[in-house]
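Here's a quick walk through a structure, from the overall layout down to a few single residues. Have a look at it first, then read on.

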Amino acid sequence: MINYYSSQIMRRIHKALANLYGTQADRLLSRFAMMIGRYGVNVDSRHPTSVGDQRACLLITYADTIQSPPEPPLAILRQFLETQVRNVMTHLHVLPFFPASS
C-alpha cells in the first residue's frame, strides 16, 4: 500500500478537478491528498480488466452502505471489501454518502 502519489500524477488529478470544479480544485486536491495519506492506495499486481470485459465484476455502492459506529463508513467499507469480495470484484464505483447533497 502506498500513501502518496507522484507530483506528476497529482498535477493530472488537479487538472481534472479544475475542469470539473473550477476554483475549488485546490481545496479538493488537498482533501484528496489527506485521504491518500490516511487510508493509502492499494497497489494490486493483477492486470486491470476493462469494465466491458466478460471477466469484469463491477460493484456500485453508496459510501455509507455498511456502517459500524464509531468507525468511519469508508474504513468499514474497505474492510468489508478486502475480507469479503477482494478476489471477486475487479471494479468499484463509490456513490456519494446517502442521501447525497448537491
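Is the crossing of helix 1 and helix 2 left-handed or right-handed? It's right-handed. Keep in mind that we're looking at a predicted model here.

## Overall layout

The protein chain has 3 helices and 2 strands. Read from the N terminus, the order is α-α-β-α-β.

Of its 102 residues, 18% count as buried. The exposed surface of the protein chain comes to about 8000 Å², with 57% of that supplied by carbon and sulfur atoms. As for contacts, take those between residues at least 6 apart in sequence: 64% of them join residues at least 24 apart.

## The helix 1 and helix 2 pair

Helix 1 covers residues 7-21 and helix 2 covers residues 25-39; their axes come within 9 Å and cross at roughly 135°. That angle is why helix 1 counts as oblique to helix 2: the roughly antiparallel label is kept for angles over 145 degrees.

Who makes the contact? On the helix 1 side you'll find Met10, Ile13, His14, Leu17, Ala18 and Tyr21. Helix 2 brings Ala25, Asp26, Leu28, Leu29, Phe32 and Ala33. Sorted by type, the residues of this contact come out as 10 nonpolar, 1 polar and 1 charged.

## The loop between strand 1 and helix 3

Strand 1 (58-62) and helix 3 (73-85) are linked by a loop, and Pro70 sits in it. The peptide bond joining Pro69 and Pro70 is cis, with omega about 10°.

Ala63 is found in this loop between strand 1 and helix 3 too. With a relative accessible area of 4%, Ala63 is buried, because anything under 20% counts that way. Leaving aside residues up to four places away in sequence, Ala63 touches Pro73, Leu74, Leu77, Val94, Leu95, Pro96 and Phe97. One of these, Leu95, is 32 residues from Ala63 along the chain, yet their C-alpha atoms are separated by 5.9 Å.

## Arg55, out in the open

Now for a residue in another loop: Arg55 lies between helix 2 and strand 1. Is Arg55 buried or exposed? Its relative accessible area is 57%, so Arg55 is exposed; the cut-off for that label is over 50%.

Arg55 also has a sequence-distant residue to look up, Thr90. The two are 35 residues apart in sequence and 8.3 Å apart in space, C-alpha to C-alpha.

Conventions. Residues numbered from 1 in each chain as written. Predicted model: local features only at pLDDT ≥ 70, side-chain atom pairs only at ≥ 80, totals over all residues. Heavy atoms only, no water. Helix = DSSP H or I, 4+ residues; strand = E, 2+ residues; numbered from the N terminus. Buried < 20%, exposed > 50% of the residue type's maximum accessible area, 1.4 Å probe, protein only. Contact = heavy atoms within 4.5 Å. Areas by Shrake-Rupley, 256 points an atom, 1.4 Å probe, with all protein chains shown as cover. Axes fitted to C-alpha atoms, helices over the stretch in contact; angles between N-to-C directions. Parallel < 35°, antiparallel > 145°, perpendicular 65-115°, else oblique. Left-handed = near helix turned anticlockwise from the far one by under 90°. Nonpolar A, V, L, I, M, F, W, Y, C, P; charged D, E, K, R; others polar.
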